[in-house]
Amino acid sequence: MSVKIRLAQRGKKKARTFRVVVSDSRFPRDGRIIEDIGHYDPHHEPSRVEINIDKAVHWLEEGAQPTERAKKLLEISGAWAKWRSEKGEVLSIPQAPPPKVKVRATSSESEEE
């Protein structure tokens, strides 16, 4: 059974809200769910994201795969970072590339003459 963390639509047309749910990937988007772990409302300014971090981390540990949008929402809520830190992974900090140094090839003999 492949378990996914994904968004299920709620609300009326042009005023959608979304539930962040855990469901079997074989069921339809708004079909049967295993657990409801939060909600997302993009119409507020700023967007409202409320996710139960403990439930989200539990399902990530169980092997649930988040969809691309659900992963972004987990990152915003802090559940993704908590799961990564509990997993033992060190969050890598991107480093600037080394400076490019222009090297001129000169010979010491030609300078002496």
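**A friendly note on the aromatic pairs and strands**

1. Two aromatic pairs are present in the structure, which is a predicted model. One of them is formed by Phe18 and Tyr40, and this pair is stacked, with 6.0 Å from centre to centre and 25° between the planes. Because Phe18 sits in strand β2 (residues 15-24) and Tyr40 in strand β3 (residues 35-41), the pair ties together parts that are 22 residues apart in sequence.

2. Are the two partners of the stacked pair buried or exposed? Phe18 is buried, at a relative accessible area of 18%. Tyr40 is buried too, with a value of 11%.

3. Trp80 and Trp83 make up the other aromatic pair, which is tilted: the centres are 5.0 Å apart and the planes stand at 55°. Both residues belong to helix α3 (residues 79-87), where they are three residues apart, or about one turn of the helix. Trp80 and Trp83 are both buried.

4. Now have a look at strand β1 (residues 3-12). Strands β1 and β2 run antiparallel and are joined by 10 bridges. Phe18, already met in the stacked pair, turns up here as well: in β2, Phe18 is the bridge partner of Gln9.

5. The hairpin of β1 and β2 has two residues between the strands, and Lys14 in this hairpin takes a positive phi near 65°.

6. Which way does β1 run relative to strand β5 (residues 65-66)? The two strands are parallel, and two bridges join them. For Lys4, the bridge partner in β5 is Gln65.

Notes: Residues numbered from 1 in each chain as written. Predicted model: local features only at pLDDT ≥ 70, side-chain atom pairs only at ≥ 80, totals over all residues. Heavy atoms only, no water. Phe/Tyr/Trp six-rings, centres within 6.5 Å; stacked < 30°, edge-to-face > 60°. Helix = DSSP H or I, 4+ residues; strand = E, 2+ residues; numbered from the N terminus. Buried < 20%, exposed > 50% of the residue type's maximum accessible area, 1.4 Å probe, protein only. Pairing = 2+ DSSP bridges.
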